[in-house]
Amino acid sequence: MSISMPEPTVVRESETSPIALVRHTWIQVQRLLLRWVRDPVTLLETLIIPCLLLLMLDIVVGSPIQKFTGSDALYGSVPMVALVGALSGCIASGVMLGRERAAGLLARFWVLPVHRGSGLAARIIAEGCRIFGGTVVIIGFGMLLGFRFQQGPLATIVFFLLPVLFGLSFATLVIAVAVFTASSGLVEAITIVTSLLMFFSTGFVPLLAYPEWIQPIVRNQPMSVAVDTMRALSQGGPLAHPLTLTLMWSLGAIVVFAIPAAIGYRRASRR
């Protein structure tokens, strides 16, 4: 006489549980990072072009700026290029997000048993990882050219984290645009904004090199205050004022664009 044993009860994890959010977010972070590593455009925008830009700036304007200011131009150009690399990578990621939206990939994730918040959360975390990795590479290249940290370990850590915060604030803007429009041209047009921020910043040339009428704008625009903060963290100088303005610009952009990005991502996923 055989005795049948009861089958073990399988407890299925709810797709709306916090555990599912963490697990699904981690899986999608891995997907995004792997896709970006394999994408030539993302690598070009994040690593190669910024390093070439830094080398060009050091060769072309490094010596004149050092004679004009008396300090090494790398302490302005390295922070600026790190920020430009973060912004350029966000644009490349935004274009890719628009393509996923147009191809229906976001809609496919919506009908699968996947936590609804994992897609957007994974994209933000992956952006942060990409920005941090790109910053490490750019600063490492800058150190080969002569850039050095002179303000201690704590200032160095904050220096590395600042482009992440700055880049994530810009990423919320790019995500909001990418999920509300099917045109990648609009996302790519944001490159004009990043170019203006770079050319009219204190990291490109010293503030006194600009005409007097535009100096207040250059001094207080987002990239200039971030560059001044990173310069103070690496070389020394006034820190409180530019750091306060950098936090205000970055956190303000996140507050303004986070809700539109979340709403747009949800709408794009349901189409």
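A residue is called buried when its relative accessible area is under 20%, exposed when that value is over 50%, and partly exposed in between. Keep that scale in mind, because it places cysteine 129, at 39%, in the partly exposed group. What you have in front of you is a predicted model. Here's a quick tour of its cysteines, its aromatic rings and one patch on its surface.

**Cysteines**

- A disulfide is a covalent bond between the sulfur atoms of two cysteines.
- So how many disulfides turn up here? The count comes to zero.
- Why does cysteine 90 stay unbonded? Its closest cysteine sulfur belongs to cysteine 129 and sits 13 Å away, which is too far for a bond, given that a disulfide needs the two sulfur atoms within 2.5 Å.
- Looking from the other end, cysteine 129 has its closest cysteine sulfur in cysteine 90, again at 13 Å and too far for a bond.
- The surroundings of these two don't match: cysteine 90 is buried, at 1% relative accessibility, whereas cysteine 129 is partly exposed, at 39%.

**Aromatic rings**

- Searching the whole structure brings up nine aromatic pairs.
- One of them joins phenylalanine 147 and phenylalanine 159, with 5.8 Å from centre to centre and 40° between the planes, which makes the pair tilted.
- That pair links distant parts of the chain, 12 residues apart: phenylalanine 147 is in the loop between helix H6 (118–145) and helix H7 (153–180), and phenylalanine 159 is in helix H7.
- Buried or exposed, these two? Phenylalanine 147 is buried, with a relative accessible area of 0%, and phenylalanine 159 is buried too, at 0%.
- Phenylalanine 159 also pairs with phenylalanine 149: the ring centres are 5.0 Å apart and the planes stand at 85°, so this pair is edge-to-face.
- Phenylalanine 149 lies in the loop between H6 and H7 while phenylalanine 159 lies in helix H7, so their pair ties together parts that are 10 residues apart in sequence.
- Unlike the buried phenylalanine 159, phenylalanine 149 is partly exposed, with a relative accessible area of 23%.
- Zoom out a little and ring pairs link Tyr75, Phe132, Phe147, Phe149, Phe159 and Phe160 into a cluster.

**Surface patch**

- Which residues make up the nonpolar patch on the surface? They are Leu44, Ile48, Ile49 and Leu52, and together they have about 340 Å² of accessible area.
- Leucine 44 belongs to helix H2, which covers residues 40–60.
- With a relative accessible area of 37%, leucine 44 is partly exposed, and it can join a patch because patch residues need over 30%.

Note on methods
Residues numbered from 1 in each chain as written. Predicted model: local features only at pLDDT ≥ 70, side-chain atom pairs only at ≥ 80, totals over all residues. Heavy atoms only, no water. Patch = residues over 30% accessible without salt bridge, like charges linked within 9 Å, V, L, I, M, F, W, Y side chains within 5 Å. Areas by Shrake-Rupley, 256 points an atom, 1.4 Å probe, with all protein chains shown as cover. Salt bridge = Lys/Arg side-chain N within 4 Å of Asp/Glu carboxyl O. Helix = DSSP H or I, 4+ residues; strand = E, 2+ residues; numbered from the N terminus. Buried < 20%, exposed > 50% of the residue type's maximum accessible area, 1.4 Å probe, protein only. Phe/Tyr/Trp six-rings, centres within 6.5 Å; stacked < 30°, edge-to-face > 60°.
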